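Trainee: Hi, do you have a few minutes to go through this one with me? I'd like to start with strand pairing and then jump around a bit.

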Amino acid sequence: MHYIRFCRPPVVEQGRSGLKTLKLVLTITTDLSDKFLCPHEPIQLSIIGAGAPANPQNGPVPINLTPKNPPTWRAGMRVLKVDVQLPPQPIETVQVRPTNRQLAALITDDVSSGTGAGLILPVFADLAPGPTSHICFRSLRLPGGTATLQVEEEMGESMARHVWDGGLTTASFVASMVLGQMAANSGSSTASLPILANILQQNDGPLNIMELGCGVGILGLGVARILGVSSQATAEKSTLLMTDLPDAEERTLANIARSADQTACTVLYENLDWNDGKDGIFGPEVTSRAWDLVILSDCTYNDLLPELVKTLSAVHGHSAQHSGPSNTKILLSTKPRHSDEKVFFDLMSEDGWSIQDEVKLPLPVLNDEAQTVEVYLFSKS
């Protein structure tokens, strides 16, 4: 899929007439920013502002800032500069999304449905100046209500500290699998990964989940948000521990704070280097409990695949020491990009892991060859 991005922070300029102008520099690229969107037909974009409501209980008031002259993305473009006159009322947040609803990923079902919707992910930014002005965020509504999943990422085209396809698609799939079933009262949505559905929908005790290589946290926070919506009682007893290298800590903690009032379970962060993990060297949070489920996405492109596999096995072994026979499951999602990623599965097999469930999810793509995100559930004998 493709992502609308701010190339630099939005700027609000005060004119001589007293009117304010919002200046945006946009691009539309893939998750790794390695390819620009090249549509067969021009794509109109909507710039939507949101101001504070008179009654805070009503939520932000959306205002279409470009109803008559929408900016347009065309084939061959790399950057789109947009100047928008702001209305007299204060605008706190700006959103850029495709005008055509069929193209826009607004809810998790758009990403996971496989219907050809949700091809382009909108982007949001707060307009308040300050130390976080280089931060934007993504927002998707969850099935069956008004709950949303929001994560911050950094502006620009660098692939670091961004949402990637694997985590986004898997979080959307889990939302449809768990919440979609609850909303529609149908068992068909759990057919793809029934074992995972049973784990996430258990209501008889706490659920301990760890994420490896969490990045900005789209998958882990998505699972935590979904747990809170599907079963408040289970979520309040559960723990999600997000781990990564120190470079990821600041953005992950910011995203944990952003979702704190919307997540019922306890969400923690701890640094974890797989070079340490392979030898069973863990921090206090990892060693504080046995883990029911370890999740990871977009991690098989790493040069440290042997270390990753050994870390997974070490977590499994720790859980066995902590609570007796370990039943730790591994949920892995990956968007296949290179043939050498297949060595991960060989290493997992050699270390005693086997695939219990798997599913291939079609990725929404516009004017490009078909792509998939593969999701696997491993167990260890």
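Mentor: Happy to. Let's begin with a single pair: Leu45 has Pro98 in β8 as its bridge partner. Keep in mind that this is a predicted model.

Trainee: Okay, and how do β4 and β8 pair overall, parallel or antiparallel?

Mentor: Antiparallel, with six bridges between β4 and β8.

Trainee: What else does β8 pair with?

Mentor: Strand β10, residues 123-126, also in the antiparallel sense, over four bridges. One pair to look at there is Thr93, whose bridge partner in β10 is Asp126.

Trainee: How many of the residues of β8 are buried?

Mentor: Five of the six, over residues 93-98, so β8 is largely enclosed by the rest of the structure.

Trainee: Back to β4 for a second. Is Gln44 buried or partly exposed?

Mentor: Gln44, which sits in strand β4, counts as partly exposed because its relative accessibility is 42%, and buried would need under 20%.

Trainee: And which residues is Gln44 in contact with, leaving aside its neighbours within four places in sequence?

Mentor: Pro70, Pro71, Thr72, Arg97, Pro98 and Thr99. For a sense of scale, try Gln44 and Gly277: their C-alpha atoms are separated by 48 Å, and they are 233 residues apart along the chain.

Trainee: New topic, salt bridges. How many salt bridges does the structure hold?

Mentor: There are 14. A nice one to start with is Glu153 with Arg5, where the N to O distance between the side chains is 3.6 Å. That pair links distant parts of the chain, with Glu153 in strand β12 (residues 148-154) and Arg5 in strand β1 (residues 2-6), 148 residues apart.

Trainee: Are those two buried or exposed?

Mentor: Glu153 is buried, at 0% relative accessibility. Arg5 is buried too, with a relative accessible area of 2%.

Trainee: Which residue does Lys35 meet in a salt bridge?

Mentor: Asp368, at 3.3 Å from N to O. Lys35 is in the loop between β3 (20-29) and β4 (43-51), while Asp368 is in the loop between β18 (353-362) and β19 (372-380), so this pair ties together parts that are 333 residues apart in sequence.

Trainee: Buried or partly exposed, for Lys35 and Asp368?

Mentor: Partly exposed: Lys35 has 43% relative accessibility, and Asp368 has a relative accessible area of 32%.

Trainee: Which residues are linked in a network of salt bridges?

Mentor: Asp126, Glu152, Arg251 and Arg258. You've met Asp126 already, as the partner of Thr93. Another bridge worth a look is Glu154 with Arg161, where the closest N and O atoms are 3.7 Å apart; Arg161 is partly exposed at 34%.

Trainee: Let's move to the seven-stranded open sheet. What order do the strands come in?

Mentor: Reading across, β15-β14-β13-β16-β17-β19-β18, with mixed pairing. The edge strands are β15 (266-271) and β18, each pairing on one side only. From one strand to the next, the twist averages 20°.

Trainee: Which strands pair with β19 there?

Mentor: Strand β17, residues 329-334, runs antiparallel to β19 and is joined to it by five bridges. Leu331 stands opposite Leu377, and Ser333 stands opposite Val375. β18 pairs with β19 in the antiparallel sense as well, over nine bridges, and those include Pro362 with Thr372.

Trainee: So how buried is β19?

Mentor: Seven of its nine residues are buried, so β19 is largely enclosed by the rest of the structure.

Trainee: Which helix lies across β16 and β17?

Mentor: Helix α8, residues 305-323, which also lies across β13 (208-211), β18 and β19. The helix runs at about 160° to β16 (293-297).

Trainee: Last one: what about helix α4, how many of its residues are buried?

Mentor: Eleven of the 13, so α4 is largely enclosed by the rest of the structure. Among them are Ile218, Leu221, Val223 and Arg225. The length checks out too: at 1.5 Å a residue, α4 (residues 218-230) should span 18 Å, and its end C-alpha atoms are 18 Å apart, which agrees.

Definitions and conventions. Residues numbered from 1 in each chain as written. Predicted model: local features only at pLDDT ≥ 70, side-chain atom pairs only at ≥ 80, totals over all residues. Heavy atoms only, no water. Salt bridge = Lys/Arg side-chain N within 4 Å of Asp/Glu carboxyl O. Helix = DSSP H or I, 4+ residues; strand = E, 2+ residues; numbered from the N terminus. Buried < 20%, exposed > 50% of the residue type's maximum accessible area, 1.4 Å probe, protein only. Pairing = 2+ DSSP bridges. Expected span 1.5 Å × (residues − 1). Axes fitted to C-alpha atoms, helices over the stretch in contact; angles between N-to-C directions. Contact = heavy atoms within 4.5 Å.
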